[in-house]
Amino acid sequence: MSNTFLTACGDRQSALHAHGANAQKIFDLIWTFSAVAATVWLLVVLVLATALLRGNLAKASRSPLQIDADQERRLTRAVGSATALTVVVLIALTIGSFFAGKSIASLSGSETVTVRVTGHQWWWEIRYPKTDSSQAILTANEIHVPVGESVKVKLDSLDVIHSFWVPSLAGKRDLIPGRPSELTLTADKPGIYRGQCAEFCGYQHAHMAIIVVAESREAFDAWRSRQDANAVTPASDEERRGQAAFLGTGCALCHAIRGTPATGTVGPDLTHVAGRRSLAADALVMTPGALAAWIADPQSVKPGAKMPRIALSADDLNAVVTYLGSLE
Amino acid sequence: MSGMPGKKAKRIEERGLKGIRDTGLDEARLRAFLAHAWHTPKGLYGWLATVDHKLIGKRYVVTAFLFLILAGLSALAMRFQLAAPEAGRISPDFYNQLFTMHGTTMMFLFAVPVMEAFTVYLVPLMIGTRNVAFPRLNAFSYWIYVSGGTMIWIAFAFNTGADAGWFSYVPLAGPDYGIGKRPDFWAQMVTYTEVSALAVAVEIIATVFKLRAPGMTLDRIPLYVWSVLVTAFVILFAMPAVMVSSTMLILDRLVGTKFFDPAAGGDALLWQHLFWFFGHPEVYIIFIPATGFVSAILPTFVRRPVFGYLGIVLSLIAIGFLSFGLWVHHMFATGLPQLGESFFTASSMMIAIPSGIQIFCWIATIWGGRPIFATPLVFVLGFIFTFVIGGMTGVMVASVPLDLQVHDTYFVVAHFHYVLVGGAVFPLLGAVYYWFPKVTGRMLSERLGHWNFWFVFLGFNLTFFPMHILGLQGMPRRIYTYPLESGWGSANLFISLSSLVLFAGFALLFLNMLLSLRNGRPAGDNPWGASTLEWATTSPPPSYNFPHLPVVTHREPLWARPDTLPVIEGLRVDAREVLGGTVADAVPQLRLPSADNSIWPLLSAIAVGGTFFASIYTPWAVVWGAIPISIGFICWFWPKGEPEDEE
């Protein structure tokens, strides 16, 4: 169904494949902690095995053993040293974790791009605020970022709690109604990174994915200025029919297409919908067929989705698909 | 006394015998008197009215295991769906109910109650008394538990199963987004069921402090009893937090309060603070008694007392305290000032110290002993092997930056199953094998026991270890499906197949129990040659536990005096009486009457349960329900019989 993994080699949603400074620092921490954990576990199991073997080599006895004072002293010393060692290891890990946290926090403050992300059941609203050269733009489920630059992601939610998580780029952060938050991420190299809502948010929590497209500064600026433009006006009869159907059947109550009378804010902004890689929060690849299937019966693709089924004649449906397909 | 017709006449007849003490009575007459005083009537009435801690404890265990089966089946159904990417075997709606029911059942209806069940059964035997301090409260708590749990599952059967996760975060579970009556059922039934946990906690604290056998000073209390005592205190402080928060949730939903609505000055985060203030100690409510099992089983099978008794007791108390200081590590992704994060990181890591001390002491015990590889010990070894993994991943999730990657992924699913199954279920299964002979009078099959262990051990590790990696590879929790291109498919298939092995392991346990109940080798009083008081009486123990109450002179009473356990005399045998002593030194202070069988705990539980149930539909239920509840409690506590006329 979803396409982004195909184009992105399967390592684009993994904390083990860090492609940004934030995720990289955590990745290092994961390895440090894992190595310590494995060592400690091995030591415990080895000592346990030795204890079992040495006790078992002696003849097992049914009657309780007498306590040997010398042995008790040796055991006390051993347990004492093991405890002391535990304390030292834990202090070291706490300090390591503190400094990793500090260095991740220090990533913020140098951002060149700001994106506002609002969580909805079950899609992501993406807003790029107005800059000197561009107006504020609205899109959905796909964030574009310039490679190598710090991006500030401002998070909020208007319905339930979601969590913004693109593991290859950064750790996650919750979107809690009434509590705006933010995180900083950087993509080290161009690519398509996938993320997913990480806090259970209801029916279609599984289909609330987000895509981060990291591209060169030029490509990003070009994308940004394409997004600045209003939607193209329909060029063919079919597209005009599609637009009329879109505006006339209730789609416009929920969706906006800049430059048309459609100004709904309940669902994603569709001004440049055909330029996106996927549909319905990466539940479907963006193709005319998928678009048609989605519009014809959203509930069969994503049961529980807030988009209702709208009765369109086959011709109207095709026209709407053609029209939306023209909105690059 | 119960209200059976004919009983009263019989009592008047017996008045001539009133005040008979056990001093100097010959054994047969003593046992006959005690059996009469402590007996539970036959038939349905007796079954409903009994206050015998052993009958209630057994019932508790069986009920908890039935809920385990339900929770296990829901887990299998989830694994069936997740075995392949983009599978459409289970609808998202049903899947969400499944994992909510799995978590709710495992935590609220299996893990905590099963630990309480063992406590209720074992503690009076281990401290040498005849019943818990509040026997009717004990019966009441069971009825609450079984009716609350059943109502949760009946709701599920009627498609009203909770579906917002066992943590029921608001606003998802709140008035605007919660579907139908689902969150209402969850909230009310959780509050209701937790009444039983509180009741058990109160009764265990009173029992351990006041009813210990003479001479059982604080430093002679069996470690298992110490562990459940600490647990009882943790329950006492943790459970109210979840009861308060679920009550606030139902008020938001039914009465229109706005506790969790940010638009009206409420706060969605408040729910999480309250829930995890309970939810983290909850893990220790399950884990601490499990460590008690280990401390009870280990010495028996390595033939020496536990090394570091004092260290273990202090560790238990430290774990109890620290468990309250780290709830925020469930909420790192919500964002906190860095100093606050560091505090909770440090306190979360610190709990590894007392946990570590216990592990070191147990290994030292084995080091100084001569292990006999009976099934209970094998499960304890499996516990150390797996629990240390869960403990170490616990240290990992205590680190804020690391947690921000693994939180709400399969890594965390793996982590807490290692802690809860590795840390609590392995010792629990060891405990089943260890105490089954005491409870039933028959041994479980050792052969099947070893098979049981290997299936559970391998099934568990093969199921849950790969989840660590899946989580790091980016697989979030609580998703009913995942894309084909994610690359998670083969690992998930492997996990689903392994879960069948784990399931087969539990099937072997139940098979072993059923077979051995009929055909098991007769156990005798003390089949393992253990050291604590429960092994001093017959298997299964008589209704009065001990013909004479034992006197304790040593930490391992049965090892110190294998043949002649000293006893204390002077208790009445014609009525239920227990011996109360001082808190610290268990010096006998007074003879206490112990409550007789009564139907009123059951009827009161029905009144309370009905009120909670009706309150899901109307707040007026609280007003009208007060009437039957009052009647139930008044009849329950109504003084019966005359005050004792002698002495």
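B:Met349 touches residues of both chains in this predicted model: leaving out residues up to four places away in sequence, its contacts are A:Phe33, A:Leu90, A:Leu93 and A:Thr94 on one side, and B:Val395, B:Ala398 and B:Ser399 on the other. The residue sits in helix α11 of chain B, which runs over residues 338-350, and with a relative accessibility of 1% B:Met349 counts as buried, because the cut-off for that class is under 20%. As a marker of distance within chain B, B:Met349 and B:Ile152 are separated by 197 residues in sequence and by 35 Å in space, taken from C-alpha to C-alpha.

The contacts of B:Met349 with chain A lead on to the interface as a whole. There, 86 residues of chain A are in contact with 86 residues of chain B. The size of an interface is often given as the accessible area lost when the parts come together. Between chain A and chain B the buried area is about 7300 Å², and carbon and sulfur atoms give 69% of that area. In polar terms, the rule finds 18 residue pairs in polar contact across the interface of chain A and chain B, both partners being at pLDDT 80 or more. Which elements of chain A give two or more residues to the side that touches chain B? They are the helices α1 (21-57) and α2 (69-105), together with the strands β7 (173-175) and β9 (191-196). Helix α1(A) provides the largest share of that side, namely 20 residues. By residue class, the side of chain A that touches chain B divides into 49 nonpolar, 25 polar and twelve charged residues.

Side chains of opposite charge can pair when their charged atoms come close. Between chain A and chain B the count is three salt bridges, whereas the structure holds 25 over all chains. B:Asp267 forms a salt bridge with A:Arg179, with the closest N and O atoms 2.5 Å apart. A network of salt bridges also links A:Glu199 with B:Asp408, B:Arg477 and B:Arg478.

Turning to chain A by itself, its secondary structure comes to eight helices and twelve strands. The radius of gyration of chain A is 28 Å, well over the 20 Å that the globule rule gives for 328 residues, so this chain is more spread out than a compact globule. Along the principal axes, the C-alpha trace of chain A spans about 95 × 45 × 35 Å. Of the 328 residues of chain A, 54% count as buried, and among the contacts in chain A with a separation of 6 or more, 65% come from residues 24 or more positions apart.

Helix α4 (residues 237-248) of chain A takes part in two salt bridges that can be followed side by side. In one of them, the side chains of A:Arg240 and A:Asp237 meet at 2.9 Å, N to O; the two residues are three apart in helix α4 and are therefore separated by about one helical turn. A:Arg240 counts as partly exposed at 41% relative accessibility, whereas A:Asp237, at 60%, counts as exposed. In the other, A:Asp316 and A:Arg241 meet at 3.0 Å, N to O. A:Asp316 lies in helix α8 (residues 314-325) and A:Arg241 in helix α4 of chain A, so this pair ties together parts that are 75 residues apart in sequence. A:Arg241 is partly exposed, with a relative accessibility of 38%.

Are the partners of the salt bridge between B:Arg576 and B:Asp596 buried or exposed? B:Arg576 is buried, with a relative accessible area of 7%, and B:Asp596 is buried as well, at 14%. Their closest N and O atoms are 3.5 Å apart. B:Arg576 lies in the loop between β2 (567-568) and β3 (577-581) of chain B, and B:Asp596 in the loop between β4 (588-593) and α19 (600-615), so the pair ties together parts that are 20 residues apart in sequence.

Another loop of chain B, the one between α17 (489-519) and β1 (549-550), holds B:Thr537. B:Thr537 is buried at a relative accessible area of 4%, and its side chain reaches the backbone oxygen of B:Asn545 at 2.6 Å. Beyond its neighbours within four places in sequence, B:Thr537 is in contact with residues including B:Leu125, B:Lys438 and B:Asp525.

How values were computed. Residues numbered from 1 in each chain as written. Chains lettered and ligands numbered in written order. Predicted model: local features only at pLDDT ≥ 70, side-chain atom pairs only at ≥ 80, totals over all residues. Heavy atoms only, no water. Contact = heavy atoms within 4.5 Å. Buried area = accessible area lost by both parts, 1.4 Å probe. Salt bridge = Lys/Arg side-chain N within 4 Å of Asp/Glu carboxyl O. Polar contact = N/O pair within 3.5 Å; in protein donor to acceptor, adjacent residues only side chain to side chain. Helix = DSSP H or I, 4+ residues; strand = E, 2+ residues; numbered from the N terminus. Nonpolar A, V, L, I, M, F, W, Y, C, P; charged D, E, K, R; others polar. Rg over C-alpha atoms; globule rule 2.2 N^0.38 Å. Buried < 20%, exposed > 50% of the residue type's maximum accessible area, 1.4 Å probe, protein only.
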